[in-house]
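Student: I have a protein model open and do not know where to begin. Could you take me through its features one at a time?

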Amino acid sequence: MLSFCLLIYYLSASTCSQLLSHHKRSWIIDSFEIEEGHPGPFPYMLGKVNVERKYRVHFELFGEGVDEEPKGVLSIDRDSGSLYVHRAVDYEEKTVLKLRFEAKKTDSSTDTKLGIEISVRDINDNPPRFEKDLYEITVNEDNAQGSHLLTVLAYDKDQRGTPNSTFHYEIKSVSPNLPDTEFFMKESGAISFKGCLDYEVAKMFTVLVEAKDHGDIVSLSSTTTVIIHVQDGNNHLPIISGQTGSGKVKENEWGSSPLRLHVTDKDTVNSKAWRATYTINGDMGGNFKIETDPETNDGVLTVVKPLDFEEGAQKELSISVENEAPYFFCKVKEKTPAGGLWKVDTSMGHHSSGAGQPHSIKVTIEVEDTNDPPEFRVAVKQATLEENVPVGTWVERVVAVDPDSSLSRDFVYKVGHDPAGWVTVDPQTGDITTRKPPDRESSHVVDGLYTVILHAVDEGEPPQTGTVTLQIHVNDRNDNVPQPVVDHVDDCVADVPTTTTITAFDPDGNPFGGPFTFELLGNIEGKWKLNPAYGFTAGLVKEPAVYAGLHTVHLKISDLQGAYGVYNLSVTVCDCSVRPNCRNRQDATAAASYGATGIMLASLVLLLLLLLLAVSLSCQEEFAPLQTDSSGETLLNSNIETPGMDCKVPQSLVAVSADEKHHTLQRGMQNKFSKVGTKPVIWQPVYSNQHFNGSLRSVGQSVAFRDSRWKNSTFSSWSQTGRSLTNGHNCSLQRILYLQETEKDLLDYKPHLYTEEGDSDNLSELDRITIPDEDSFQEILRDVGPQFNQLAAICQTAKRTTLSSM
């Protein structure tokens, strides 16, 4: 029974003060509660609120059940204070209704405010409800009795702590109901079993579980269904029921399957309790393996390591079979009537009584003899041999044996791989001799080792081959002389000695190689020397007196034992400030030598025309037309510049005598360099008709040179031209520089002999001009000064090329 609770909700300060000063108040209130789900009729009076007053008051009620949800449940009589209930209430919706009570005077002023709560009494109108209407699980057959299977859970909406919300679980039925299996529940809703689960007897159990409350007037309940699937365990061992296959293997073969074992198992197909695993016993050499066929569960025996007939004609093996899942055994011995678990006999794995022992059988594998290859005593044979020993020198002997006991044992020795063809082998004895002198510097010798592959081949069917590797250590001899790495070097013209590095090598090993001794041969005084002259590299020192051009140095290189070689080293010396790469210029010159010497002649004629044209352009007047003299020769008019211009060539320069030529040459060379501002200008020689008169008879005729004319006429032309250009300082500097670059390019071509078309008998002989020898040429260079070294180098190169082509 719930009592009516009266609480002071609110009392204003002014009202409270007025009541305390004028009136003495008292409240007589009965206890009230509303029963859940009252059937009516409605409205009915719940009770009455009495407030003692000497004056008349009116009552009002607000809050839950009146003007708040759930609305329309309660009301109060304004004058008498009687409480009425107008409809049923639900405890699960509202357990307490909270209201506000007010008593007001006739003038509508508030006399009293109270907060009140009316309790709702619960009745048993809700049964226990399970979370699920159906539970479904799978358990292993080998689960032990008493193990937890699952837990069911129910709840009741009625008032907590009352009999209406208190309930218990109970198993109402089990299907199928077996004598050796009994299910039970705990108060918490956990389900377990007694005895044993047997997949072969029952694959599934259906359990009906009830939850029932303890209501005083009426008891309510509900049920749920639990389905338990039993998963097959390994309570049946596989049995080897037969075998197929030849049971034979050939020696030295692997990968074949001589045997297949068949098994039977009552457990569920393709489950872990059914799938078989096999074990081989007695295979000491590890020659076999056995695998399970996933489709048939058969055991397939395979050879993984070749067998040897000579080690035994038969192999005895023991093969056992089990399942992937461990064997499980369960049997009920006694059902205890006093409750609790039963007495059962269970085991996992092998049982002491012998149950669960894997089934095994013995098998015999026969080994068939085949032709074995001959076997060498060692896999790698070592030998030592001197370099360059004569043909027929004994190297080593190899020996093989044939392991066959019942087949042919005859075999011969052969050379399998001899990269340089150095050796031969006696087919009967295995003696190895040389057929070529060995060379340690051969590309087939690696780190002093020469490798040969030898075979021993028997006469079986089919023939078998044994192999051995022969490693020959070749001892070095001093059979090679040191050599320079390159046969050509470049150097630059300089006023001080310059050094070029020369590197040598020797194919021989220590102590027949370097460091080397370098030596220069021939006339090298004042020209070349070596510093250093010992080591793997030497320094070739060029003296300042060596002119530009191509030189040959005779170089001797000796090794530590005195063995030496003499080599002609080509040295190209050039002006590196003009052309840094001497070799490129030399290559270009060498390439030009393959053309006709007429190209050189044509280039010289073209140079003459360009020079005359440049002089004419610089004086701002074109050349006069070509004139033909009475002899049929075509000549160009010289000295045709406009009068008053600085480019005119004095007649005295043309008419100079032979005795004055040397002095004129020196003055001409001195005038070859002239200052324009602070930048030196190199004046190039210009050739006139007079200079070539008698040397160049006509265009197209054969040309030859004579030594005296080369000295006198040519250098006289340089002298005259230099003086003329000096007097013509007002000519355009830009055009002169252009002529300079044009001449340098044209001088790269070599001269060639040309003849005019027609009858060769009518050719007029030309005076031969020869290039002076080297000593006289050097004297001329010393007279004219170092500024003509580059031009001298060009002339020397042209001379050598012309002489070599004749």
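Tutor: We will go from the whole chain to its disulfides, a sheet, a surface patch and some backbone angles.

Tutor: This is a predicted model, so local features need pLDDT of at least 70, side-chain atom pairs count only at pLDDT 80 or more, and totals for chains, interfaces and linings use all residues. Residues are numbered from 1 along each chain as its sequence is written, and side-chain values use heavy atoms, with hydrogens and water left out.

Student: How many helices and strands does the protein chain have?

Tutor: Start with the definition. Helices (H or I, at least four residues) and strands (E, at least two) are DSSP runs, numbered from the N terminus. The protein chain has ten helices and 51 strands.

Student: What share of the residues is buried?

Tutor: Buried means under 20% relative accessible area, exposed means over 50%, and partly exposed lies in between (1.4 Å probe, protein chains only). Of the 806 residues in the protein chain, 40% are buried.

Student: How do I read a disulfide?

Tutor: A disulfide is a covalent bond between the sulfur atoms of two cysteines. The cut-off here is a pair of cysteine sulfur atoms within 2.5 Å. The whole structure has two disulfides.

Student: Which residue is joined to C196?

Tutor: C330, with an S to S distance of 1.8 Å. C196 sits in the loop between β16 and β17, and C330 in strand β26; the pair links distant parts of the chain, 134 residues apart. C196 is buried, at 8% relative accessible area. C330 is partly exposed, at 23%.

Student: And where do the cysteines of the other pair, C492 and C576, lie?

Tutor: Their sulfur atoms are 1.6 Å apart. C492 is in strand β39 and C576 in the loop between β46 and α2, so the disulfide ties together parts 84 residues apart in sequence. The link is left-handed, with -85° about the S-S bond.

Student: β39 came up there. How do I read a sheet?

Tutor: Strands of a sheet pair through backbone hydrogen bonds, either parallel or antiparallel. Two strands count as paired if DSSP finds at least two bridges between them. Here an open sheet of five strands runs in the order β39-β46-β45-β41-β43, with mixed pairing. Its edge strands are β39 and β43, each pairing on one side only. β41 and β43 run antiparallel, joined by two bridges. Look for F516 opposite G535 in β43.

Student: Which residues make the nonpolar surface patch?

Tutor: Patch residues have over 30% relative accessible area and no salt bridge (a side-chain nitrogen of Lys or Arg within 4 Å of a carboxyl oxygen of Asp or Glu). Like charges are joined within 9 Å, and nonpolar side chains (Val, Leu, Ile, Met, Phe, Trp, Tyr) within 5 Å. Areas come from the Shrake-Rupley method with a 1.4 Å probe; for residues, only the protein chains shown count as cover. V485, V486 and F505 make a patch of about 250 Å². F505 lies in strand β40 and is partly exposed, at 37%.

Student: What should I look for in the backbone angles?

Tutor: Most residues other than glycine have a negative phi, and most peptide bonds are trans. N297 is not a glycine, yet its phi is positive, about 70°. N297 lies in the loop between β23 and β24 and is buried, at 2%.

Student: Where are the cis peptide bonds?

Tutor: One joins S175 and P176, with omega about -5°. Another joins G514 and P515, with omega about 5°. P515 is in the loop between β40 and β41.
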